[in-house]
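I opened the model to go through its helix packing, its chain contacts and one loop. My entries follow in the order in which I looked things up.

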Amino acid sequence: MTGLAAYTTSTGEAFQFWVLGTVAVIGALCTILMRKAVHSALCLAGTMIILAVFYLANGAYFLGIVQIVVYTGAIMMLFLFVVMLVGVTAADSLTETIKGQRWLAALCGFGFAILLFAGIGNASVKDFNGLAKANEGGNVEGLASLIFTKYVFAFEITGALLITATVGAMVLTHRERTERAKTQRERSEERVRGKHLPPLPAPGVYARHNAVDIAGLLPDGTPSELTVNKTLRERGQIRDVSTEALNDLRALEQRAADRLERPDPHRKGGGRNGDGDRAEETEEASK
Amino acid sequence: MENLIALLVAAPLLGAAVLLCGGRRLDRVGHWLGTLLSAASFVIGLALFTDMLGKGAEERSLHQHLFSWIPVEGFKADVAFQLDQLSMTFVLLISGVGTLIHLYSIGYMEHDERRRRFFGYLNLFLAAMLLLVLADNYLLLYVGWEGVGLASYLLIGFWQHKPSAATAAKKAFLVNRVGDMGLSIAIMLMFTTFGTFAFGPVLEATGETSEGKLTAIGLMLLLAACGKSAQVPLQSWLGDAMEGPTPVSALIHAATMVTAGVYLIVRSGAIFNGAPDAQLAVTVVGAVTLLFGAIVGCAKDDIKKALAGSTMSQIGYMILAAGLGPIGYVFAIMHLVTHGFFKAGLFLGAGSVMHGMNDEVDMRKYGGLRKYMPVTFVTFGLGYLAIIGFPGLSGFFSKDKIIEAAFAKGGTEGWILGSVALLGAAITAYYMTRVMLLTFFGEKRWQPDAQGELPHPHESPKSMTIPMILLAVGSVFAGGFFSIGDRFMHWLEPVTHHDHGDSPLSAATVTGATMVVLVIGVSLAWVQYGRRPVPVVAPRGSLLTRAARRDLLQDDFNHVVLVRGGEHLTRSLVYVDHTLVDGVVNGTAASVGGLSGRLRKLQNGYARSYAVSMFGGAAVLIVATLLMRAV
Amino acid sequence: MNPVNYLYLAALLFTIGATGVLIRRNVIVVFMCIELMLNACNLAFVAFSRLHGNLDGQIIAFFTMVVAAAEVVVGLAIIVSLFRSRHSASVDDASLMKL
């Protein structure tokens, strides 16, 4: 990296490239293949950190730091924030709904990669200049002198773009209040006249669960949706304790029975546990 | 002085605008306003006329350029007026007779609640007619031509509550459309041939143009003239046009508008001079119509329709004269002017009779009216003497000259045309005497009207009799005044370039022959209608009479040939349209629709599918780039 | 090793990102894949900068980052308001043009 033109990098960099490059590709693949958005975001963050290392290795010290601070630090966290907002556990089903989409995507991706590789190979770069001379006065100073002279207009315009984007984000997420906010008196009157004078029932059943996503059970054993937060209800993230708990109990009994080598009391109806439960419930209800 | 020309048109146009837009508050003064503006136009015309008389014969043509109408490169049309001797003659006739008829209408339309509107239409007609004769190019003339057509339509259908009037108006409009199509084609031909429509350049350039083109233009102009002047084969509308109020029949369908065709042919004389075939066609049309109209006039019992047949026949004389070329132009115009006087007078007289007879139009129910309506009788009688060509009266001079000119055409043609004209004169004498005898002489054959009341004939008010008297004076003296010293001929000489022709018969012989046929015609009529009592209900009559009562089967002819033919043509075209054209169109549409139905599946609405095509497109772009670099 | 290898890596990452856009339905993941493509481009620019021996490539990468930041802000705002109105984060649900 000392001369003006070099043909190869140091062995250390080569080693770093092959190891970290492999990890980066794996990270990218995980990004697109993970079922949960949170996992995708984390994989992407990892890939970005590896890219930051590559920037540093390529003499782009400023960009390497910015990549870590801005991209991985700020932007990816923004992503995670939105993922949390939208629903962290909402795992995607990976079955394709559009006919032939996956095949076409694979074909296009494969062909595109081949073409890009062919294009790069076609360029047949043998030697390279290296950044030793350009970074003589320091990488940040070099960038600064370019940004504030040659690219100053682009820089100004990007500033305007950022402002616009900020305003745009505010406008898009801002929800206009279409009606007057209720006063405390109105709210209290509404509550007294409404169905629920006392506080809404708490989630959780029989002290087995106190998680907010588990609905409390009514005396007849049916879960009451009232006990669960509205947001979770809308996302459909309510876990049902009645079936879950009964299944857990059944599994426990099964294991105990196996261990004690006793015949299973439920084995006869084993295949249709759920149906049996429901039948019992309806019998109770009819009584 | 030439700045006054536009005022000639502007005055009645203003009247029309004010009367038609002014609303009911003008009801009380509207008729006077209309008459005043018409008279203003006449006074301006007189001023221009006296000014013109003070100049030398060659300097009399005035020109006024108002503004450029369509100033496009290679297509220039101006709104410009040309006032020469020919136009002057028409201006005086139109505004003069027009004013008299306005005056007459004040009395005639007194009880009509839409009188203001009537005067608005009359003024509109005057403006359009003056525009027609004052235009200095064919395009502007066309505007006036359409304008009089519109006014004619509105006035024929003025009593629109009568279905017969509404139908007659529609018929006149439609038949005129055929002629107008001829005029528009003629104008287009002129533009492609000469590159302009202005009279001056077009008429000067006729010398260097091939005869074929001139013949085409001439025939198209003849078609236009046939439509407007009710000549065979486009004559069928004139008889029905009598459904309009009588002053309208007098002004538009006798004195002025129907003579526009004659004006057009005389104005385009240079074109016809260069196209002998077209000229021959004009004379044939004139001769046929002359007899056609006269025969129809003999059989009609409706006084206005009889006069309408007479009008058709007299215009046939004019067209015949105009077709003779420079020999006849002057006489065509002269007969036009004298005819304007006596036919307007006759119509006004007929209107006066109807006014006194509870709007009865059947002459067989008149009789013996001369004692009850003396002024009408005298004026009508003078008009009658003028039209049959009684020596010394207008018709004698003008019609005689046309017959002479027809003989002067020379050759077999001249003999045939001259004989036809003579025969026409005899029939004219016959049918006019018949009208006269049936109306004013003989027994009273009055019948009770719908309310069961016998009519009480009485003389019409002054506003009606004064125009009749003035027109009668014109009918008596105009011909003599024009002919003494060939005044009219010299007056029009710069425009029409008179040619005496080579008559095989002396003027005296022709006059003598005319007198003989006149006497024969009158005596025949007297024998038939004067000596014997006239039946109130028309006898069945001979085959020819029955045909003539039906306008010589013109409507039946039109129905069989045009309507039935048109229906069959339309039906076959509809069939072709449905099977062939629609087949192609629908087939194309169906195939496009089917293709779209297949292609539509690509547009499935999923952003990811579109992303695939974008990605594929990017790949194709890379291929293209690589290929370009490889090449 | 030749620095061109960085370009190959960038191409590979770009293609992976693009394929991800095509096959994933969760709009947030799609958006992440777009970020991955942008990053791949940035890596290519940085590598170009080194190959050419001047800093212009890094400047471009810098601007790309700024634009990407702006895009993320607006894009996530759109996703949030979309989710708010549809209660779904699937790109296939936003298909009103579908017949």
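I began with helix H3 of chain A (residues 61-86) and helix H3 of chain C (residues 56-86), whose axes come within 11 Å and cross at roughly 5°. Helices here are DSSP runs of H or I with at least four residues, and strands are E runs of at least two, numbered from the N terminus. The axes are lines fitted to C-alpha atoms, for helices over the stretch in contact, with angles from 0 to 180 degrees between N-to-C directions. The crossing angle makes H3(A) roughly parallel to H3(C). I noted the cut-offs: under 35 degrees is roughly parallel, over 145 roughly antiparallel, 65 to 115 roughly perpendicular, and the rest oblique.

I then listed the residues in this contact (heavy atoms within 4.5 Å). H3(A) contributes, among them, A:Phe62, A:Val66, A:Tyr71, A:Ile75, A:Phe79 and A:Val86, and H3(C) contributes residues including C:Phe62, C:Met65, C:Val72, C:Leu76, C:Ile79 and C:Phe83. By class, I recorded 21 nonpolar, two polar and no charged residues for H3(A) with H3(C). Nonpolar covers Ala, Val, Leu, Ile, Met, Phe, Trp, Tyr, Cys and Pro; charged covers Asp, Glu, Lys and Arg; the others, Gly among them, are polar.

The model is predicted: local features need pLDDT of at least 70 and side-chain atom pairs pLDDT 80 or more, while totals for chains, interfaces and linings use all residues. Residues are numbered from 1 along each chain as its sequence is written, chains are lettered from A and ligands numbered from 1 in the order written, and side-chain values use heavy atoms, without hydrogens and water.

Next I took the whole contact of chains A and C. I found 86 residues of chain A touching 67 of chain C. The area buried between them is about 7,100 Å², with 73% from carbon and sulfur atoms. Buried area is the accessible area (1.4 Å probe) that two parts lose on being put together, summed over both. I counted two salt bridges between chain A and chain C, a salt bridge being a side-chain nitrogen of Lys or Arg within 4 Å of a carboxyl oxygen of Asp or Glu. C:Arg50 and A:Glu13 form one, at 2.9 Å from N to O.

For chains B and C, I found 10 residues from chain B and 13 from chain C in contact. About 1,000 Å² is buried there, 66% of it from carbon and sulfur atoms. On the chain B side, B:Tyr606, B:Arg608 and B:Phe615 lose the most area to chain C, together 58% of what that side buries. I counted zero salt bridges between chain B and chain C.

Within chain B, I looked at helix H8 (residues 211-229) against helix H13 (residues 276-299): the angle is about 20° and the axes are 8 Å apart. The angle makes H8(B) roughly parallel to H13(B). Their contact has eight nonpolar, two polar and two charged residues; those involved include B:Glu211, B:Leu219 and B:Leu222 from H8(B), and B:Asp277, B:Ala281 and B:Val285 from H13(B).

Last, I followed the chain into the loop between H8 and helix H9 (236-240) of chain B, where B:Pro233 sits. The peptide bond from B:Val232 to B:Pro233 is cis, with omega near 10°. B:Ala230 lies in the loop between H8 and H9 of chain B too. Its phi is positive, about 55°, although B:Ala230 is not a glycine.
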